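I opened this model to look up a few sites and contacts, and I kept notes as I went. The entries below follow the order in which I checked things.

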Amino acid sequence: MKFDKNMLALYAITDRKCIGDRGLEYSVEQALSGGATMIQLRDKEVDFDTLCKEADSLLKICQKYSAPLIINDNADVVIKTGADGVHLGQNDMELAKAREILGKDKIIGGSARTIELAKKAEQSGADYIGSGAVFGTLTKADAKYLGTENLKKICGAVGIPVVAIGGVSADNIPQLENCGISGVAVVSAIFGADNICSAAQKLRKLADSVIYGG
Ligand SMILES: Cc1ncc(COP(=O)(O)OP(=O)(O)O)c(N)n1
Ligand SMILES: Cc1nc(C(=O)O)sc1CCOP(=O)(O)O
């Protein structure tokens, strides 16, 4: 799928603990029907084969909504399943290596919490950057607080789109106005909500207003 920065508006990232016994497929479909524009499969508790099976079934759902499916950490799952891309952090495969093995048509995202790392990600062929934890987070134990001023500096330093991640919720999305983001990446405020679909609907409206003006 050809990357377009509008795909980033509401980037929903799965989490086993938040989803609980509601089911991965059901929860992702709820997020998409509420307006999630991109899905990241982030499951660190399963082996390669299980991750591929999860990706296979999510791909069918994402295709129904014309939304890309991105795999966290693992470019081999992208190759095996035909998923749309990969998101890589500082401790994962080098972005340039991922671009080399995945080719120009797959979507590659990189994590960067400094201007230097963001520029490096851009030079290495990333399509977008995830920067956080903009508001802090309880979802990722080793995430470090970033703040909106640092996020704004990162957005201004690179030509590729940036999504804000970390503690993003309906209450604080308006604080991202004027940061220059192209989207918000959200775990618990979507998949931890009692009603995933209506949570996504509300977040999408707020995100659109910050990104496109409202
Ligand atoms: C969109 C987006 N941005 C940042 C991250 C964090 O990635 P990483 O630093 O690799 O940490 P883990 O997700 O692997 O814990 C992300 N996943 N998505
Ligand atoms: C996966 C991830 N990466 C982060 C980073 O700062 O790079 S914060 C994070 C978790 C975001 O979860 P929530 O929306 O529940 O706060």
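I began with Asp-92 in this predicted model. I counted 17 C-beta neighbours inside 10 Å of Asp-92, so I put this residue down as partly exposed. I found Asp-92 in the loop between strand E4 (85-88) and helix H5 (95-102).

I picked Asp-92 because UniProt, in an unreviewed entry, places the feature "binding site" at Asp-73 and Asp-92. The two positions span 20 residues in sequence, yet their C-alpha atoms are no more than 6.2 Å apart, so I noted that they gather at one spot.

I then went to Asp-73. I located Asp-73 in the loop between strand E3 (69-72) and helix H4 (75-81). Asp-73 has 19 C-beta neighbours inside 10 Å, and 20 would be needed for a residue to be called buried. I therefore entered Asp-73 as partly exposed. Leaving out residues up to four places away in sequence, I saw Asp-73 touch Leu-88 and Asp-92. I also wrote down the backbone of Asp-73, with a positive phi of about 75 degrees although the residue is not a glycine.

I looked for further backbone oddities. Most residues other than glycine have a negative phi, and most peptide bonds are trans. Asn-178 has a positive phi of about 70 degrees and is not a glycine. I found Asn-178 in the loop between E7 and strand E8 (183-186). Asn-178 counts as exposed, because I get 10 C-beta neighbours inside 10 Å. The peptide bond from Gly-132 to Ala-133 is cis, with omega near 5 degrees. I placed Ala-133 in the loop between strand E6 (128-131) and helix H7 (148-157).

Next I took the ligands. Which residues are closest to ligand 1? I listed Gly-89, Ser-111, Gly-130, Ile-165 and Ala-185, out of 17 residues that surround ligand 1. I noted that E1, strand E5 (107-111) and strand E7 (162-165) each supply at least two residues of this shell. By class, I divided the shell around ligand 1 into 5 nonpolar, 8 polar and 4 charged residues.

For ligand 2 I again had 17 surrounding residues, and the closest are Gly-132, Thr-137, Thr-139, Val-187 and Ser-188. I sorted this shell into 8 nonpolar, 8 polar and 1 charged residues. Gly-132 in that list also begins the cis peptide bond I noted above.

I moved on to helix packing. Two packed helices are described by the angle between their axes and the distance between the axes. For helix H2 (residues 24-34) and helix H9 (residues 196-212), I have axes that come within 7 Å and cross at roughly 35 degrees. I recorded the crossing of H2 and H9 as right-handed. From H2, the contact is made by Ser-27, Gln-30, Ala-31, Ser-33 and Gly-34. From H9, I listed Ile-196, Cys-197, Ser-198, Ala-199, Ala-200, Gln-201 and Arg-204. I divided the residues of this contact into 5 nonpolar, 6 polar and 1 charged.

I stayed with H2 and asked which of its residues are buried. I have Ser-27, Val-28, Glu-29, Gln-30, Ala-31, Leu-32 and Gly-34 as buried in H2. I saw the buried residues of H2 pack against strand E1 (10-13), helix H1 (16-19), strand E2 (38-41), helix H3 (48-64), helix H8 (188-191) and H9. H2 is followed by Gly-35, and I noted for Gly-35 a positive phi, near 120 degrees.

I looked up Lys-53 in helix H3. Is Lys-53 buried or exposed? I entered Lys-53 as exposed, because 12 other C-beta atoms lie within 10 Å. I took one long span from Lys-53: its C-alpha atom is separated by 26 Å from that of Ala-141, 88 residues apart along the chain.

I closed with the domain record. UniProt, in an unreviewed entry, lists residues 10-190 for "domain: Thiamine phosphate synthase/TenI". Over residues 10-190 I have 38% helix and 18% strand, with the end C-alpha atoms 10 Å apart.

Terms used
Residues numbered from 1 in each chain as written. Chains lettered and ligands numbered in written order. Predicted model: local features only at pLDDT ≥ 70, side-chain atom pairs only at ≥ 80, totals over all residues. UniProt positions renumbered as here; feature names shortened; annotations may be inferred. Helix = DSSP H or I, 4+ residues; strand = E, 2+ residues; numbered from the N terminus. Contact = placed C-beta atoms within 7 Å. Near = placed C-beta within 6 Å. Nonpolar A, V, L, I, M, F, W, Y, C, P; charged D, E, K, R; others polar. Axes fitted to C-alpha atoms, helices over the stretch in contact; angles between N-to-C directions. Left-handed = near helix turned anticlockwise from the far one by under 90°.
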